[in-house]
Amino acid sequence: MDQVFIKGLAVDAVIGVYDWERTIRQRLVFDLDMGWDIRPAAAGDTLEHTLNYAAISERVQGFVEQSSFLLVETLAEQLAALLMNEFSIPWLRLQVTKPGAVPAASGGVGVLIERGVKPA
């Protein structure tokens with residue numbers, strides 16, 4: 001299975017369970033790996049046969065900017081379902097990092113989920 005990926009997509013969102021978090025926007029960073037057979041796109045050199053990472057990036061940004069979840073877990077689940085449905089993605093791995101949540105965690109904290117079936 002080939003993969004199309006987007007790494008380090010930064011989006012500001014209202015996210016968090018504390019009262020002060022509900023009044024600010026915090027930076028989230030998204031890493032996506034999406035299963036896709038790229039051979040048809042490569043054979044015809046055509047965009048319509050592959051996953052358009054620009055369109056997916058725009059959709060992620062729009063969804064996240066309009067969201068207001070308490071948990072990063074909920075955001076990840078909702079976003080994964082949305083992307084799989086709208087772009088017919090059979091499998092994806094989505095990592096959501098909240099860089100400033102734990103100051104001592106220099107690489108941030110967050111969740112990593114895999115959804116769908118990854119064909120062999």
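Before I count anything, let me say that helices, of at least four residues, and strands, of at least two, are DSSP runs numbered from the N terminus. With that in hand, the protein chain comes to three helices and five strands, and I should add straight away that what we are looking at is a predicted model. If you follow the sequence from its beginning, the elements come in the pattern β-β-α-α-β-α-β-β.

Let me stay with the whole chain for a moment. The C-alpha atoms fill a box of roughly 50 × 25 × 20 Å when that box is taken along the principal axes. Of the 120 residues in the protein chain, 37% are buried, and the chain exposes about 6,800 Å², of which carbon and sulfur atoms supply 54%. If we take the contacts with a separation of 6 or more, 60% of them are between residues that stand 24 or more positions apart.

Now I would like to turn to the charged side chains. How many salt bridges does a search of the whole structure find? The search finds eight of them, and I will go through some of these with you.

I begin with Asp33, which forms a salt bridge with Arg93, where the closest N and O atoms are 3.4 Å apart. Asp33 lies in strand S2, which covers residues 26-35, while Arg93 lies in strand S4, which covers residues 91-98, so this pair ties together parts that are 60 residues apart in sequence. Is Asp33 buried or exposed? Its relative accessible area is 10%, and because buried means under 20%, Asp33 counts as buried. Arg93, on the other side of the bridge, has a relative accessible area of 23% and is partly exposed.

Arg93 has a further partner, since Glu114 also forms a salt bridge with Arg93, again with the closest N and O atoms 3.4 Å apart. Here, too, distant parts of the chain are linked, with Glu114 in strand S5, residues 109-116, and Arg93 in strand S4, 21 residues apart. Glu114 counts as partly exposed, at 42% relative accessibility.

Which residues, then, belong to the network of salt bridges that includes Asp33? The network links Lys7, Asp33, Arg93 and Glu114. Between Asp33 and Lys7 there is, in addition, a polar contact of 2.9 Å that joins their side chains. If we leave out residues up to four places away in sequence, Asp33 touches Gln3, Val4, Phe5, Lys7, Trp91, Leu92 and Arg93.

A further salt bridge joins Arg39 and Asp37, with the closest N and O atoms 2.9 Å apart. Arg39 counts as exposed, at 60% relative accessibility, whereas Asp37, at 32%, counts as partly exposed.

Let me come back to strand S2, where we also find Val29. Once its neighbours within four places in sequence are set aside, Val29 is in contact with Gly8, Leu9, Ala10, Gln95, Val96, Thr97 and Pro99. You can also look from Val29 towards Gly108, which is 79 residues away along the chain, and there the two C-alpha atoms are separated by 9.3 Å.

Next come the aromatic rings. A pair of aromatic rings is described by the distance of the centres and the angle of the planes. This structure holds one aromatic pair. The rings of Phe63 and Phe69 have their centres 6.2 Å apart and their planes at 40°, so the pair is tilted. Phe63 counts as buried at 18% relative accessibility, and Phe69 counts as buried at 19%.

My last stop is the surface. Which residues make the nonpolar surface patch of about 610 Å²? That patch is made by Val17, Tyr18, Trp20, Ile24, Leu70 and Leu71. To help you find one of these residues in the structure, Leu70 sits in the loop between strand S3, residues 68-69, and helix H3, residues 72-87.

To gather this up for your notes, please keep in mind the network that links Lys7, Asp33, Arg93 and Glu114, the tilted pair of Phe63 and Phe69, and the nonpolar patch that includes Leu70.

Technical notes:
Residues numbered from 1 in each chain as written. Predicted model: local features only at pLDDT ≥ 70, side-chain atom pairs only at ≥ 80, totals over all residues. Heavy atoms only, no water. Salt bridge = Lys/Arg side-chain N within 4 Å of Asp/Glu carboxyl O. Buried < 20%, exposed > 50% of the residue type's maximum accessible area, 1.4 Å probe, protein only. Patch = residues over 30% accessible without salt bridge, like charges linked within 9 Å, V, L, I, M, F, W, Y side chains within 5 Å. Areas by Shrake-Rupley, 256 points an atom, 1.4 Å probe, with all protein chains shown as cover. Polar contact = N/O pair within 3.5 Å; in protein donor to acceptor, adjacent residues only side chain to side chain. Contact = heavy atoms within 4.5 Å. Phe/Tyr/Trp six-rings, centres within 6.5 Å; stacked < 30°, edge-to-face > 60°.
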